[in-house]
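User: Please explain the labels applied to this structure, setting each value against its definition.

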Amino acid sequence: MKIQAKNDKDVIKINDLSFNEIISIIERSREHVYRAVNQELISMYWEIGKYVSDKVKTEGWGRSVVNDFAQFIQRERPDLKGFSASNVWRMRQFYDIYCEDEKLALMTRDISWTSNMRIMARAESREAREFYLISAQNNNYSTRELERQMDSMLFERTMISDGKNRSRIAKNSRLIAFRDSYVLEFLDIPEDTGEKELRKAIVADLRNFILEFGKDFSFVGEEYRLQVGNKDFYIDLLFYNRGLSCLVAIELKVTDFLPEHMGQMEFYLEALDRDVRKPNENPSIGLILCTGKDDVVAEYAMSRCTSPTLISEYQLHLPDKAVLESRIREMKEIVEKTQNADGDNSDP
């Protein structure tokens with residue numbers, strides 16, 4: 001159907017719309033090309049790694065032979081880049097790590113070679129490698145973003161979070177998208193920062209805040225106003241999560257968690273669901289973000305809470321890996337004791 005423009009202004013609007021659609025086509029095509037090229041590149045490195053690995057096993061190849069190969073490439077084909085001795089040896093290590101794990105081997109094709117190297121070098125278990133491969137793919141992390149997540153011990157923090165929140169997640173599976181703790185070291189603010197200053201710092205660095213929470217989050221507003229009766233109430237931060245199709249209310253507390261915080265959040269979620277939520281959206285989720293919490297107090301506060309709400313801690317510095325690993329061991333011991341107790345109490 002031909003569009004009849006009334007004036008030059010209308011023609012400009014029509015052209016802008018058409019041009020933006022063309023740009024979208026170009027960007028989608030470029031992304032497809034990049035993914036195809038990257039997959040072929042990783043497949044090539046895999047084949048080279050397999051070849052070198054086989055030679056190491058059957059003919060005793062070592063680093064000296066790989067050095068000779070790298071020099072041969074530089075001499076015969078100086079136009080070929082990325083085949084230094086160290087990189088070829090990494091290809092062999094890459095193949096050796098994933099050759100018996102078809103699931104993870106396929107996943108490595110979906111992220112860059114540099115990101116693969118970061119995961120290979122820093123993830124210490126099969127579970128950690130799978131976690132970061134999935135995270136990098138789903139969130140489209142750049143290598144720098146992936147490094148930041150590994151620096152913040154995202155895998156360890158998620159393991160602890162899933163263990164602590166098991167009962168809440170069982171009641172509402174959507175809560176698995178949230179964690180028991182968040183690291184906000186990128187804000188670069190002092191520990192004694194007030195709530196207003198904390199909120200302003202987060203809004204000023206939304207990119208990194210959303211990176212910490214997950215790229216499915218979109219910012220709706222700060223101090224989001226809710227009018228209930230004749231009074232106004234304000235949510236510190238309101239987000240929308242595309243994957244969960246729901247609003248996410250975040251309340252910031254620069255103190256330890258208190259039971260009354262839960263009542264406040266339940267009130268906000270009720271107001272959001274009655275007056276703001278659209279018919280096609282899921283019920284809103286609440287997150288109380290505080291400096292600390294007593295797990296027993298938090299459990300009591302949440303035990304009769306019917307709203308999908310979690311209580312999480314935040315810290316303004318990168319976590320200590322040894323502390324997190326200790327907490328993971330403690331959590332595993334508790335789970336094992338619980339499972340053993342359940343087994344002892346089962347009917348014969």
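Analyst: Buried means under 20% relative accessible area, exposed means over 50%, and partly exposed lies in between, using a 1.4 Å probe and protein chains only. This is a predicted model, in which local features need pLDDT of at least 70 and side-chain atom pairs count only at pLDDT 80 or more, while totals for chains, interfaces and linings use all residues. Residues are numbered from 1 along each chain as its sequence is written, and side-chain values use heavy atoms, with hydrogens and water left out.

User: Why is K164 called partly exposed?

Analyst: The relative accessible area of K164 is 33%, which falls between the limits of 20% and 50%, so the label is partly exposed.

User: What makes K164 and D180 a salt bridge?

Analyst: A salt bridge requires a side-chain nitrogen of Lys or Arg within 4 Å of a carboxyl oxygen of Asp or Glu. The N to O distance between K164 and D180 is 3.4 Å, so the pair meets the definition. K164 lies in helix α8 (residues 154–164) and D180 in the loop between α9 and β1, so the pair ties together parts that are 16 residues apart in sequence. Helices (H or I, at least four residues) and strands (E, at least two) are DSSP runs, numbered from the N terminus. D180 has 1% relative accessibility and therefore counts as buried.

User: How many salt bridges does this rule give?

Analyst: The count is 27. Among them is the pair of R75 and E76, at 3.5 Å from N to O. R75 is called exposed because its relative accessible area is 55%, whereas E76, at 44%, is partly exposed.

User: Why does R174 have no salt bridge?

Analyst: The nearest side chain of opposite charge, D273, is 7.3 Å away, which is not within 4 Å, so the definition is not met. Lys and Arg count as positive and Asp and Glu as negative; His and the chain ends are not counted. R174 is nevertheless buried, and a polar atom of its side chain lies 3.0 Å from the backbone oxygen of P283.

User: How do you know that C290 and C305 are not joined in a disulfide?

Analyst: A disulfide is a pair of cysteine sulfur atoms within 2.5 Å. The sulfur of C290 is 14 Å from the closest cysteine sulfur, in C305, and is therefore too far for a bond. The structure holds zero disulfides. C290 is buried at 0% relative accessible area, and C305 counts as buried at 7%.

How values were computed
A polar contact is a pair of N or O atoms within 3.5 Å; within protein, one must be able to donate a hydrogen and the other to accept it, and residues adjacent in sequence count only if both atoms are side-chain atoms.
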